[in-house]
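Trainee: I would like a close look at one loop and its surroundings. Please take a single residue as the starting point and work outward from there.

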Amino acid sequence: IQAMSNDSKPRLAPGVKLRQDAKRGAVLMAPERVLELDETAQAIVAQFDGVKRVSEIAAALAKEYDAKASDIQADIEHLLKDLTAKGYVKS
């Protein structure tokens, strides 16, 4: 697994989709598995387009939610580590 950095450009892994489920809310769907996302995780994952860098995502979300970019970046890095380990995200 490749380490993520501020210059990483995360994207969903092949076959993984971000969807809205009527009962569960936001979910990441992959073959044979589903992962429910809270509101924060959904906002972050929605930015994973393989073009934007982690630092750019953090800056945009910090502005949108009137929060400190360093706090948002810490959340992104934690989520990326988890989702990459589980095979939902690539960089």
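Mentor: What follows starts at one loop residue and moves out to the core, the salt bridges and the chain as a whole. The model is a predicted one.

Begin with Gln 47, which sits in the loop joining α1 (39-45) and α2 (54-65). Despite the loop position, Gln 47 counts as buried, because its relative accessibility is 19% and the cut-off for buried is under 20%. The side chain of Gln 47 has a polar partner in the side chain of Lys 52, at 3.2 Å. Once neighbours within four places in sequence are set aside, the contacts of Gln 47 are Lys 52, Ile 57 and Leu 61.

Leu 61 leads from the loop into the core. Leaving out residues up to four places away in sequence, Leu 61 touches Ala 43, Ile 44, Gln 47, Ile 72 and Ile 76. The largest nonpolar core has 23 residues, and Leu 61 is one of those that touch the most other members, along with Leu 28, Val 45, Phe 48, Ile 76, Leu 83 and Tyr 88. Two or more residues of this core come from each of β3, α1, α2 and α3.

A strand residue can be placed relative to Phe 48. Lys 17 belongs to strand β2 (residues 17-21). Between Lys 17 and Phe 48 there are 11 Å in space, C-alpha to C-alpha, for a separation of 31 residues in sequence. Lys 17 is partly exposed, its relative accessible area being 41%. Beyond the residues up to four places away in sequence, Lys 17 touches Leu 12, Val 27, Leu 28 and Met 29. Among these is Leu 28, already named as a core residue that touches the most other members.

Back in the loop between α1 and α2, Arg 53 is paired with a residue far away in sequence. Arg 53 and Asp 7 form a salt bridge, with 3.6 Å between the closest N and O atoms. This pair ties distant parts of the chain together, since Asp 7 is in the segment before β1 (11-12) and Arg 53 is in the loop between α1 and α2, 46 residues apart. Arg 53 counts as partly exposed at 31% relative accessibility, whereas Asp 7, at 54%, counts as exposed.

The whole structure holds 4 salt bridges. Another of them joins Arg 24 to Asp 21, again with the closest N and O atoms 3.6 Å apart. Both ends are partly exposed: Arg 24 has a relative accessibility of 39%, and Asp 21 has 25%. The side chains of Lys 86 and Asp 82 form a further salt bridge, at 3.3 Å from N to O. Lys 86 is partly exposed with a relative accessible area of 39%, and Asp 82 is partly exposed at 31%.

Two other loops carry unusual backbone angles. Most residues other than glycine have a negative phi. Glu 32 is not a glycine, yet its phi is positive, at about 70°. Glu 32 lies in the loop between β3 (25-30) and β4 (33-36) and is exposed, with 84% relative accessible area. Asp 66 is also a residue other than glycine with a positive phi, near 50°. The loop between α2 and α3 (69-85) is where Asp 66 is found, and Asp 66 is exposed, its relative accessible area being 72%. In contrast to these two, Gln 47 is a buried loop residue.

Now the chain as a whole. The protein chain has 3 helices and 5 strands, in the order β-β-β-β-α-α-α-β along the sequence. Its radius of gyration is 13 Å, close to the 12 Å given by the globule rule for 91 residues, so the chain is as compact as a globular protein of that length. The C-alpha trace spans about 35 × 30 × 20 Å along its principal axes. Of the 91 residues, 32% are buried. Among contacts with a separation of 6 or more, 57% are between residues 24 or more positions apart. The accessible surface amounts to about 5,700 Å², and carbon and sulfur atoms hold 48% of that surface.

Terms used
Residues numbered from 1 in each chain as written. Predicted model: local features only at pLDDT ≥ 70, side-chain atom pairs only at ≥ 80, totals over all residues. Heavy atoms only, no water. Helix = DSSP H or I, 4+ residues; strand = E, 2+ residues; numbered from the N terminus. Buried < 20%, exposed > 50% of the residue type's maximum accessible area, 1.4 Å probe, protein only. Polar contact = N/O pair within 3.5 Å; in protein donor to acceptor, adjacent residues only side chain to side chain. Contact = heavy atoms within 4.5 Å. Core = buried A, V, L, I, M, F, W, Y, C linked by side-chain atoms within 4.5 Å. Rg over C-alpha atoms; globule rule 2.2 N^0.38 Å. Areas by Shrake-Rupley, 256 points an atom, 1.4 Å probe, with all protein chains shown as cover.
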